[in-house]
Amino acid sequence: MLRTLLLGAAVLACSAASAQTPLTAYADKNGYVDVQKLTCAQLAGTFQEDADMLAIWYSGWYNGLAKAHRAKITRVKDDQHEVIVYCKANPNVTIIKAIDKVFKAKK
């Protein structure tokens, strides 16, 4: 499930926005960010470091769910690009749904 890793990284790479918002702005009163509710627009509007951290988080999450312990590096860039393209076209979609759409389209 390197695809998942790559997609997460790709989505995070969308974060080249002019006005950046720290991820902490989306945290609840206890400091937790609900990563299942974050949108492509929110991701694109955050700092690159935050986007990179999220990409790693999503990758680990999906790979853990899939019980995957290997990565195919050559597939990462393509998957990342596809998530970015999808997110740019669908800024109100959650990142989780964007990743799902991109992966399901590849099946």
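**A guided look at the helices**

Guide: Helix 3 and helix 5 lie oblique to each other. Keep in mind that this is a predicted model.

Visitor: Why are helix 3 and helix 5 called oblique?

Guide: Let's check the angle. Helix 3, residues 48-65, packs against helix 5 at about 55 degrees, and the axes are 12 Å apart. Angles under 35 degrees count as roughly parallel, over 145 as roughly antiparallel, and 65 to 115 as roughly perpendicular, while the rest are oblique. About 55 degrees falls in none of those ranges, so oblique is the word for helix 3 and helix 5. As for handedness, helix 3 passes helix 5 in a right-handed crossing.

Visitor: Which residues meet where helix 3 and helix 5 come together?

Guide: From helix 3 you get Tyr-58, Trp-61 and Tyr-62, and they meet Ile-95, Ile-96 and Ile-99 of helix 5.

Visitor: How do you know what span is expected for helix 5?

Guide: You take 1.5 Å times one less than the number of residues. Helix 5, residues 95-106, has twelve residues, and the expected span is 16 Å. From first C-alpha to last, helix 5 reaches 17 Å, which is close to that. Helix 3 gets the same check: with 18 residues, it reaches 26 Å, close to the 26 Å expected.

Visitor: What makes the buried residues of helix 5 line one face?

Guide: First, who they are: Ile-95, Ile-96, Ala-98, Ile-99, Val-102 and Phe-103 are the buried ones in helix 5. Look down the axis and they fall within an arc of 165 degrees, so they line one face of the helix. Turned away from that buried side is a face carrying the exposed residues Lys-97, Lys-101, Lys-104 and Ala-105.

Visitor: And which residues are buried in helix 3?

Guide: They are Ala-51, Leu-54, Ala-55, Tyr-58, Ser-59, Tyr-62 and Asn-63. Around the axis they cover an arc of only 160 degrees, so they sit on the same side of helix 3. Over on the other side, Glu-49 and Ile-56 are exposed.

Visitor: Why is Glu-49 called exposed?

Guide: Exposed means over 50% relative accessible area. Glu-49 has 58%, so it counts as exposed. Its place is in helix 3. Along the chain, Glu-49 and Leu-23 are 26 residues apart, and their C-alpha atoms are separated by 9.9 Å.

Visitor: What makes Lys-67 stand out?

Guide: Lys-67 has a positive phi of about 55 degrees although it is not a glycine. You find it just after helix 3, in the loop between helix 3 and helix 4, which is 73-89.

Visitor: Is Lys-67 buried or exposed, and how do you know?

Guide: Use that cut-off again: the relative accessible area of Lys-67 is 70%, and over 50% means exposed, so Lys-67 is exposed.

Visitor: Why is Cys-87 called buried?

Guide: Buried means under 20%. Cys-87 has a relative accessible area of 3%, so it is buried. The place of Cys-87 is in helix 4. Cys-87 and Cys-40 are 47 residues apart in sequence, yet 5.2 Å apart in space, C-alpha to C-alpha.

Visitor: How do you know whether Thr-94, which sits in a loop, is buried or exposed?

Guide: Thr-94 is in the loop between helix 4 and helix 5. Its relative accessibility is 16%, which is under 20%, so Thr-94 counts as buried. Leaving out residues up to four places away in sequence, Thr-94 touches Gln-36, Lys-37, Leu-38, Thr-39 and Cys-40.

Visitor: And where does Thr-39 lie?

Guide: Thr-39 lies in the loop between helix 1 (2-12) and helix 2 (40-44). Its 17% is also under 20%, so Thr-39 is buried. With residues up to four places away in sequence left out, Thr-39 touches Pro-91, Asn-92, Val-93, Thr-94 and Ile-95.

Visitor: How many helices and strands does the protein chain have?

Guide: There are five helices and zero strands, running α-α-α-α-α from the N terminus on. Of the chain's 107 residues, 36% count as buried. Take the contacts between residues at least 6 apart in sequence: 84% of them join residues at least 24 apart.

How values were computed:
Residues are numbered from 1 along each chain as its sequence is written. This is a predicted model: local features need pLDDT of at least 70, side-chain atom pairs count only at pLDDT 80 or more; totals for chains, interfaces and linings use all residues. Side-chain values use heavy atoms; hydrogens and water are left out. Helices (H or I, at least four residues) and strands (E, at least two) are DSSP runs, numbered from the N terminus. Buried means under 20% relative accessible area, exposed over 50%, partly exposed in between (1.4 Å probe, protein chains only). The arc is that of the directions from the helix axis to the C-beta atoms. Axes are lines fitted to C-alpha atoms, for helices over the stretch in contact, and angles run from 0 to 180 degrees between N-to-C directions. A crossing is left-handed if the near helix is turned anticlockwise from the far one by less than a right angle, and right-handed if clockwise. Contact means heavy atoms within 4.5 Å.
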